[in-house]
Amino acid sequence: MSDLNDRICIIGGGPAGISSAMYLQKKGYKNYVIYERQNKIGGKCFSPKIEVNGEKRSYETGAIMGAITYHAVHEVEQFAGVGHDDGPNMRRMYRDKTGKEIHPFEPKIDFSFSKMFSLLKLKRQMKKLVKIMETKYKGYDCYGHRGVAQGRYSGLSKGLDDALQMIEGVNPNLKDLALPFDQFCKINGVEEVMRIWLGPYTSFGYGYFDEIPAAYVMKYLDTTTAIEFINMRLWTWKEGTQSIYEAANKKLDHPALLNTEVVKVERPAEGEKGKIRITVKDQSGERTEEFDQLIVTTPLDHFAKYADAREEEKELFGKIIHEKYVDFIAKFPENQGPTISGYIFDNMTYDRLGHAMVYYHRWEDQKANCPSTVYALRNHMGSADVSYDDTIRMMCEDMKTCGFPIEERLYEQESYYCPHVSPKDYADGWYD
Ligand SMILES: Cc1cc2nc3c(=O)[nH]c(=O)nc-3n(C[C@H](O)[C@H](O)[C@H](O)COP(=O)(O)OP(=O)(O)OC[C@H]3O[C@@H](n4cnc5c(N)ncnc54)[C@H](O)[C@@H]3O)c2cc1C
């Protein structure tokens, strides 16, 4: 985009829409409009306030945490004047499917030689993975997926430097990233590391390792980010993740227009110049406005339904798969909830689809009275979906099995989550 006076339409007031507007504003574009169909900013970052013992605090029903590698989030934080140093500490424990506490990464508790041996193997393979990602898969950590299926990389590297670096190059090994993550680990002799990646990947709703191309796993949970997760050096926000985007929105010259849904997009024919006509619906009805540029931050397979999608777009967007990630904030009878977050490891395989995989206990000082968010996936490529109602029922039973009977479910939702393409479509160059 070259003309700073271009009129630019941004569809969606979630993190991507608000960040886009911030970047445009920083570059001097003055004429952008954000349309958001809901009555709130933040999209899947949603941090409702709940009163416990007479005090209202933020809880999370969407994004919870970030890490030092979240460069773009940090830029928005700085723009918004929001910090992450006063958020609650992340704490966790592990359970099996019977609810029993387990210690999979602690060699001294429940000591056995086989456990010791497998932890040593895990440590060796972790080191190996870090090394091969830096050498054999050099360039894997660039933001974005373009070129990867052709063995090329170009873009901002996700390194730890404050100043992000543009890198580019050719590396045919990157083609391996189209493989499902379990196969990628197998060909590299690092299968054990899946035990580490499983928690912050599958239980956080990003899918199962036999269906997800390794690129999605390694680009999101690159080795630096994974190590931050292991060591619990994570960012959280006192007022909730949503507060970052609400504060950033207030700093924009043109804050998002809420309760305004984009219902139609008409672009000039391919190769022709002209305005983009956007029809929006709000309380006063429908109206059509003209723009020079369009930024879409909403699911592209949905876009194909309300916009003038071209044949190639229809075909490509029709290949997008998403996860069905269910979560709710659970309220427990007095003193009967968890006191720390828990990973239920046995439930992170697709034969346990629909079961609770993780629960998040946010405020340590609220002990067993803290409402906690419970999460499950109900779809897997090649398996039948578990119905929404059965998923909710199983999640509640799992919490009871862990010793935490649920009194009430607050803020229940299913998210359109982690849009991606299959290993085959990835390898066939979908992104290119
Ligand atoms: C349960 C859960 C836990 C998560 N945990 C984490 C975490 O710990 N850390 C992390 O980094 N990320 C986490 N995430 C992911 C994070 O929330 C998303 O990556 C992020 O919200 C994506 O931002 P986005 O702007 O691309 O999309 P969205 O957040 O989905 O925003 C899109 C916006 O577009 C609006 N919209 C859609 N269609 C239209 C239309 N036609 N017209 C106008 N507006 C429209 C929607 O209402 C929405 O506000 C989590 C998400 C969920 C659901």
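Mentor: Domain bounds come from an automatic or database domain assignment. In this protein, that assignment gives domain 1 (8-86 + 239-317), domain 2 (111-234) and domain 3 (322-420). Residues are numbered from 1 along each chain as its sequence is written. Please keep in mind that this is a predicted model: local features need pLDDT of at least 70, side-chain atom pairs count only at pLDDT 80 or more, and totals for chains, interfaces and linings use all residues.

Trainee: Thanks! How many residues do domain 1 and domain 2 each bring to their contact?

Mentor: Two residues are in contact if their C-beta atoms, placed from the backbone, lie within 7 Å. Taken over C-alpha atoms, the centres of domain 1 and domain 2 are 29 Å apart. Domain 1 puts six residues into the contact and domain 2 puts in 10 residues. On the domain 1 side there are three nonpolar, three polar and no charged residues. The classes run as follows: Ala, Val, Leu, Ile, Met, Phe, Trp, Tyr, Cys and Pro are nonpolar, Asp, Glu, Lys and Arg are charged, and the others, Gly among them, are polar.

Trainee: Now the ligand. Where does it lie relative to the domains?

Mentor: Look at which domains supply its shell. Domain 1 and domain 3 both give residues to the shell around the ligand, so the ligand lies between them. Of the 28 residues around the ligand, G12, G14, A16, G43 and A63 come nearest (a residue is near if its C-beta atom, placed from the backbone, lies within 6 Å). The elements that supply two or more shell residues are α1 (15-27), β9 (261-266), β13 (321-331) and β17 (408-420). Helices (H or I, at least four residues) and strands (E, at least two) are DSSP runs, numbered from the N terminus. The largest share, three residues, belongs to α1. By class, the shell has 12 nonpolar, 11 polar and five charged residues.

Trainee: Which residues touch the most other members of the largest nonpolar core?

Mentor: In soluble globular proteins, nonpolar side chains tend to be buried together. A nonpolar core is a set of buried Ala, Val, Leu, Ile, Met, Phe, Trp, Tyr and Cys residues joined through C-beta atoms within 7 Å. A residue is buried with 20 or more other C-beta atoms within 10 Å of its own, exposed with 12 or fewer, and partly exposed in between, with C-beta atoms placed from the backbone. In the largest core, which has 59 residues, A356, V374 and M399 touch the most other members. Strand β13 provides the largest share of this core, five residues. Domain 1 and domain 3 each supply at least three. A second, separate core of 32 residues includes Y140, C185, F209 and Y216.

Trainee: Is P423 buried or exposed, and what about Q183?

Mentor: Count the C-beta neighbours. P423, in helix α12 (residues 423-427), counts as buried because 22 of them lie inside 10 Å. Leaving aside neighbours within four places in sequence, P423 is in contact with A178, L179, P180 and P213. Q183, in helix α4 (residues 181-187), is partly exposed, with 17 other C-beta atoms within 10 Å.

Trainee: Which residues of helix α7 are buried?

Mentor: In helix α7 (residues 223-230), the buried residues are T225, A226 and E228. Down the axis of α7, they fall within an arc of 155° (taken from the directions from the helix axis to the C-beta atoms), so they line one face of the helix. They pack against α5 (194-201). Just after α7, M232 has a positive phi of about 55°.
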